[in-house]
Amino acid sequence: MAFEEAKNLGKIKLIPKEAKTGKVNSRFAEDVINRGSIFFPRKDMETLKACMQCGVCVGGCPSGRRTAWRIRRIFLKVLRGFEDDALKDESLWECTTCYTCQERCLRKVMTTDIVRILRNLAVEKGYMNENHVRVCMLLFKYGHAVPINEKIKTVRKELGLDEIPPTVHKYPEALNEVSLLVKETGFRLKVERS
Ligand code: SF4
Ligand code: SF4
């Protein structure tokens, strides 16, 4: 289905109830495709336009069974140009990237890969899940998203491993390299802006 057709389809009856702002970026789907094409083949990203809103993706989504996450709705927002609503949608972070939907989509939409691109764009705009920000802060401070604690040390010992793994924990001077990497790539700035 062409982009224009998808937009018209949405105009008739599929207006997302979350689209409260009324702000529309009619080029948003193209923006997503352009960004995704940096990392994936362009033809894969173009599959976004083929979404026919059938909901098969939602039907098999393990996250959707437990959370408010509905991948079909996020694609509708994107196709309709509701950029802010799509990128600010906190449920965007509930996808586990298990790829079930991507395997099942009848239109072969590269669903999960597109979600990853949407998250990428969301972070760029400063919309990041609070828990993820917290994890990033741990990475900046300790060089690990999950710093070691006494319980893990004990388990490691019981397994016959060194109490401290051969990572930044053992070589604290390597934290300088982690700090440099997150600074030079602009990652730290993005997280701190969120
Ligand atoms: S299964 Fe594919 S075509 Fe159907 S709503 Fe999901 S992404 Fe769109
Ligand atoms: S990849 Fe995400 S949206 Fe797709 S089925 Fe898995 S959790 Fe659901």
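This passage walks through a predicted model of a protein chain with two ligands, from its overall make-up to its core and its ligand surroundings.

Because the model is predicted, local features need pLDDT of at least 70 and side-chain atom pairs count only at pLDDT 80 or more, while totals for chains, interfaces and linings use all residues. Residues are numbered from 1 along each chain as its sequence is written, and chains are lettered from A and ligands numbered from 1 in the order in which they are written.

The protein chain holds 12 helices and 0 strands; here helices (H or I, at least four residues) and strands (E, at least two) are DSSP runs, numbered from the N terminus. Of its 194 residues, 26% count as buried. A residue is called buried if 20 or more other C-beta atoms lie within 10 Å of its own, exposed if 12 or fewer, and partly exposed in between, with C-beta atoms placed from the backbone. Among contacts between residues at least 6 apart in sequence, 71% join residues at least 24 apart; two residues are in contact if their C-beta atoms, placed from the backbone, lie within 7 Å.

A good place to begin is the interior. The largest nonpolar core has 31 residues, of which Val32, Leu48, Ile71, Phe75, Val78, Ile114 and Leu118 touch the most other members. Such a core is a set of buried Ala, Val, Leu, Ile, Met, Phe, Trp, Tyr and Cys residues joined through C-beta atoms within 7 Å. Helix H2 (28-36), H5, H6 and H8 are the elements that give two or more residues to this core. Leu118 shows how sequence-distant parts meet: leaving aside residues up to four places away in sequence, Leu118 touches Val32, Ile74, Ala86, Leu87 and Leu92.

Two of the helices named above, H2 and H8, also pack against each other. Two packed helices are described by the angle between their axes and the distance between the axes. The axes of H2 and H8 come within 10 Å and cross at roughly 100°, where axes are lines fitted to C-alpha atoms, for helices over the stretch in contact, and angles run from 0 to 180 degrees between N-to-C directions. The two helices are therefore roughly perpendicular to each other, since angles under 35 degrees count as roughly parallel, over 145 as roughly antiparallel, 65 to 115 as roughly perpendicular and the rest as oblique. On the H2 side, Val32, Arg35 and Gly36 meet Asp113, Ile114, Ile117, Leu118, Asn120 and Leu121 in H8. By class, this contact has 5 nonpolar, 2 polar and 2 charged residues; Ala, Val, Leu, Ile, Met, Phe, Trp, Tyr, Cys and Pro count as nonpolar, Asp, Glu, Lys and Arg as charged, and the others, Gly among them, as polar.

H5 and H10 make a helpful pair to look at. In H5, 10 of the 10 residues are buried, so this helix is largely enclosed by the rest of the structure; its buried residues include Arg72, Arg73, Lys77 and Arg80. In helix H10 (residues 150-158), the number buried is 0 of 9, so H10 lies largely in the open. H5 is followed by Gly81, with a positive phi near 85°, and H10 by Gly160, with a positive phi near 80°. Gly81 sits in the loop between H5 and helix H6 (83-88) and counts as buried because it has 21 C-beta neighbours inside 10 Å. Beyond residues up to four places away in sequence, Gly81 touches Val24, Asn25, Ser26 and Phe28.

The ligands come next, with a residue taken as near a molecule if its C-beta atom, placed from the backbone, lies within 6 Å of it. Around ligand 1 there are 14 residues, and Cys51, Cys54, Val56, Cys57 and Cys105 come nearest. Helix H4 (56-59) and helix H5 (71-80) each supply at least two residues of this shell, which has 9 nonpolar, 3 polar and 2 charged residues. Ligand 2 has 15 residues around it, with Cys61, Cys95, Cys98, Thr100 and Cys101 nearest. Here helix H7 (100-104) and helix H8 (111-124) each supply at least two residues, and the shell has 7 nonpolar, 8 polar and no charged residues.

Finally, the loop between H6 and H7 contains Thr97 and Tyr99. Most residues other than glycine have a negative phi. Thr97, however, has a positive phi near 55°, and Tyr99 has one of about 75°.
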